[in-house]
Amino acid sequence: MTKSVLVLPGDGIGPEIIAEATRVLDSVNTRFDLGIETSEALVGGAAIDAEGSPLPADTLARAKAADAVLLGAVGGPKWDSLEMAQRPEKGLLGLRSNLNLFANLRPALLYPQLASASTLKPEVVSGLDILIVRELTGGIYFGEPRGVHTREDGVREGFNTYRYSEPEIERIARVAFDAAMKRNRKLCSVDKANVLEVTVLWREVVERVARDYPEVELSHMYVDNAAMQLVRAPKQFDVMVTGNMFGDILSDCAAMLTGSIGMLPSASMNDSGQGMYEPIHGSAPDISGQGKANPLATILSVAMMLQYSLQSPEAAEAIRSAVGRVLDQGLRTADIAGPNDTPVTTRAMGDAVLNALKV
Ligand code: NAD
């Protein structure tokens, strides 16, 4: 059966890193006979320039019909002066909400070859392999009412609402427990149940779901402690699950443990296993068009896509091993290069992964 992937290069370094990622996808598609058909569409600033909207109707319709979406990055200074609703980032948010991508999976995995690239001591981070499961379509980023108003006493105040319903908590908890079952069977749920009622409910629902997963060791941690533990002793974690805002902050913190933003993939999935896959970094306008971007986060996003939406774990593993071999060979783009390394270009890194896949 054929499977369809919609590729959205986006802006800045997006087209450069996507070019390498699609070469890798094409290669495993042939080698493992996966029957994947890819097509391309516009999103973000590129779509604003061509069609006047960051998420054209055609792009959204094709994204909905695809088994998976592979995205580069959106945004850049060219569009920064546009109104909020017209900005490239709205294309990304529109895709997340229209496809109902409520589960954001962000692995923070440190390749041993890059232990010295982290700002933390190598012994604290070497062997690090955490998966953060972040709820992506609810919580304080979406809760109503929200806004800024002037009170009766004339003072202006801003307000947002932190809400989660039981079904929202339950479905993200199940994603996290399922992920833990495929890993080391440890799950840490992060909340602020000592202060926020919404997370008292969060904890209660997570405890209830835990009864269906007796093999998973569940723990709870307040978010402030979780932030501290992530930099103190990150290897204590296997899978972490949390709400939208806490997940936003903790996943960036976990990403930096690994040393480079250019190495980390992510997946955003809905109930039916359809997903959008993208590197965690942005469009890096400062290095765009110079062949300096690290394509590995996007290539590793292809591996996640093969694993989670296209049911091809073997091809996913082949890509991950190829990336490991390339790092073993000493190839480094500028973002992960040490003082004695000569950085390679985006294309050279893509070539090296393709060669390593043939081994
Ligand atoms: P950024 O992630 O684009 O860049 C931060 C720094 O990391 C820059 O110095 C950049 O050169 C470097 N970097 C990022 N990716 C790299 C890679 N693959 N290889 C080597 N170096 C890399 O974040 P920013 O500068 O805050 O944002 C730039 C634009 O990207 C903004 O318009 C922002 O809104 C947008 N953005 C988009 C996404 C997305 O599409 N998912 C995410 C974050 C930011």
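How exposed is Arg23, and what is its relative accessible area? Arg23 is partly exposed, with a relative accessible area of 24%. Buried means under 20% relative accessible area, exposed over 50%, and partly exposed in between (1.4 Å probe, protein chains only).

This is a predicted model, in which local features need pLDDT of at least 70, side-chain atom pairs count only at pLDDT 80 or more, and totals for chains, interfaces and linings use all residues. Residues are numbered from 1 along each chain as its sequence is written, and side-chain values use heavy atoms, with hydrogens and water left out.

**View 1. Glu20 and Arg23 form a salt bridge.** The closest N and O atoms are 2.7 Å apart. A salt bridge here is a side-chain nitrogen of Lys or Arg within 4 Å of a carboxyl oxygen of Asp or Glu. The structure holds 21 salt bridges. Both residues lie in helix α1, three residues apart, about one turn of the helix. Helices (H or I, at least four residues) and strands (E, at least two) are DSSP runs, numbered from the N terminus. Glu20 is buried, at 3% relative accessible area. Side chains of opposite charge can pair when their charged atoms come close.

**View 2. A salt bridge joins Arg96 to Glu278.** Here the closest N and O atoms are 3.8 Å apart. This pair links distant parts of the chain: Arg96 is in helix α4 (residues 89-98), Glu278 in strand β12, 182 residues apart. Arg96 is buried, and so is Glu278.

**View 3. Glu170 and Arg174 meet in a salt bridge in helix α6.** The N to O distance is 3.1 Å. The two residues are four apart in the helix, so about one helical turn separates them. Glu170 is partly exposed, with a relative accessible area of 26%. Arg174 is partly exposed, also with a relative accessible area of 26%. Salt bridges that share partners join Glu166, Glu170, Arg174, Arg208 and Asp212 into one network.

**View 4. Asp212 reaches Arg174 through a side-chain contact.** Asp212 lies in the loop between α7 and β9. At 47% relative accessibility, Asp212 counts as partly exposed. Its side chain makes a polar contact of 2.9 Å with the side chain of Arg174. A polar contact is a pair of N or O atoms within 3.5 Å; within protein, one must be able to donate a hydrogen and the other to accept it, and residues adjacent in sequence count only if both atoms are side-chain atoms. The C-alpha atoms of Asp212 and Arg174 are separated by 9.2 Å, with their positions 38 residues apart along the chain.

**View 5. Phe177 and Tyr213 stack.** The structure holds four aromatic pairs. In this one, the rings are 4.8 Å apart centre to centre, with 15° between the planes. Rings of Phe, Tyr and Trp (its six-membered ring) pair if their centres lie within 6.5 Å; planes under 30 degrees apart count as stacked, over 60 as edge-to-face and the rest as tilted. Phe177 sits in helix α6 (residues 166-181), and Tyr213 in the loop between α7 (197-210) and β9 (217-222). The pair links distant parts of the chain, 36 residues apart. Phe177 is buried, and so is Tyr213.

**View 6. Four aromatic residues form one cluster.** The members are Tyr162, Tyr164, Trp202 and Phe246.

**View 7. Backbone geometry at Pro145 and Asp33.** A cis peptide bond joins Glu144 and Pro145, with omega about 0°. Pro145 is in the loop between β5 (129-135) and β6 (147-150). Phi of Asp33 is near 50°, a positive value in a residue other than glycine. Asp33 lies in the loop between α1 (14-31) and β2 (36-40). At 67% relative accessibility, Asp33 counts as exposed. Most residues other than glycine have a negative phi, and most peptide bonds are trans.

**View 8. The ligand and its surroundings.** Of the 20 residues around the ligand, Glu89, Gly282, Ala284, Asp286 and Asn294 come nearest. A residue is near if one of its heavy atoms lies within 4 Å. A nitrogen atom of the ligand is 3.3 Å from an N or O atom in the side chain of Glu278. A polar side-chain atom of His281 lies 3.1 Å from a ligand nitrogen atom.
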